[in-house]
Amino acid sequence: CGVRPLVTENPNEGLGAISREHKIFRPGPDCHVLVGGKYTTFRVMARDVTSDICRKFNQNYRPKLTTRALKKNKVLI
């Protein structure tokens, strides 16, 4: 929708003082909410959420997989 909520630890801070950092919240056992960040750091935000989910399921996070080219699938029509 194009809305980017910003995260603040102190609601009394002015808008200019609010950080552009992102934060991950876990409101439920199987729910991860990513708030804040900048559009130009979407890869870092995705990496952080993915690594958090891998940790939760006791899986290794392998960031090198994202640097490989996608394989083309043959589609039969």
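**View 1. Gly 28 and Cys 31 at the end of the β-hairpin.** In this predicted model, Gly 28 has Cys 31 of β2 as its bridge partner. The two strands, β1 (22–28) and β2 (31–36), run antiparallel and are joined by 5 bridges. The hairpin connection between β1 and β2 consists of 2 residues. Cys 31 is partly exposed, its relative accessible area being 33%.

**View 2. Helix α1 and its span.** α1 covers residues 42–56. The helix has 15 residues, and the distance from its first C-alpha to its last is 21 Å. This is close to the 21 Å expected at 1.5 Å a residue.

**View 3. The buried face of α1 against the strands.** Which residues of α1 are buried? They are Met 45, Val 49, Ser 51, Asp 52 and Cys 54. Against which strands do the buried residues of α1 pack? They pack against both β1 and β2. Cys 54 has a relative accessibility of 17%, and it counts as buried because the cut-off is under 20%.

**View 4. Cysteines of the strand and the helix.** Cys 31 is the bridge partner of Gly 28, while Cys 54 belongs to α1. Their exposure is given by 33% relative accessible area for Cys 31, which is partly exposed, and 17% relative accessibility for Cys 54, which is buried. A disulfide would be a covalent bond between the sulfur atoms of two cysteines. The structure holds 0 disulfides.

**View 5. Asn 58 after the helix.** Asn 58 lies in the segment that follows α1. Its phi is positive, near 55°, and the residue is not glycine. Most residues other than glycine have a negative phi. Is Asn 58 buried or exposed? With 71% relative accessibility, Asn 58 counts as exposed.

**View 6. The whole chain, for orientation.** The secondary structure comprises 1 helix and 2 strands, arranged along the sequence as β-β-α. The chain has 77 residues, of which 14% count as buried. Its exposed area is about 7100 Å², with carbon and sulfur atoms supplying 57% of this. Of the contacts between residues at least 6 apart in sequence, 30% join residues at least 24 apart.

Note on methods: Residues are numbered from 1 along each chain as its sequence is written. This is a predicted model: local features need pLDDT of at least 70, side-chain atom pairs count only at pLDDT 80 or more; totals for chains, interfaces and linings use all residues. Side-chain values use heavy atoms; hydrogens and water are left out. Helices (H or I, at least four residues) and strands (E, at least two) are DSSP runs, numbered from the N terminus. Buried means under 20% relative accessible area, exposed over 50%, partly exposed in between (1.4 Å probe, protein chains only). Contact means heavy atoms within 4.5 Å. Accessible areas come from the Shrake-Rupley method with a 1.4 Å probe; for residues, only the protein chains shown count as cover. The expected span of a helix is 1.5 Å times one less than its number of residues. A disulfide is a pair of cysteine sulfur atoms within 2.5 Å. Two strands pair if DSSP finds at least two bridges between them.
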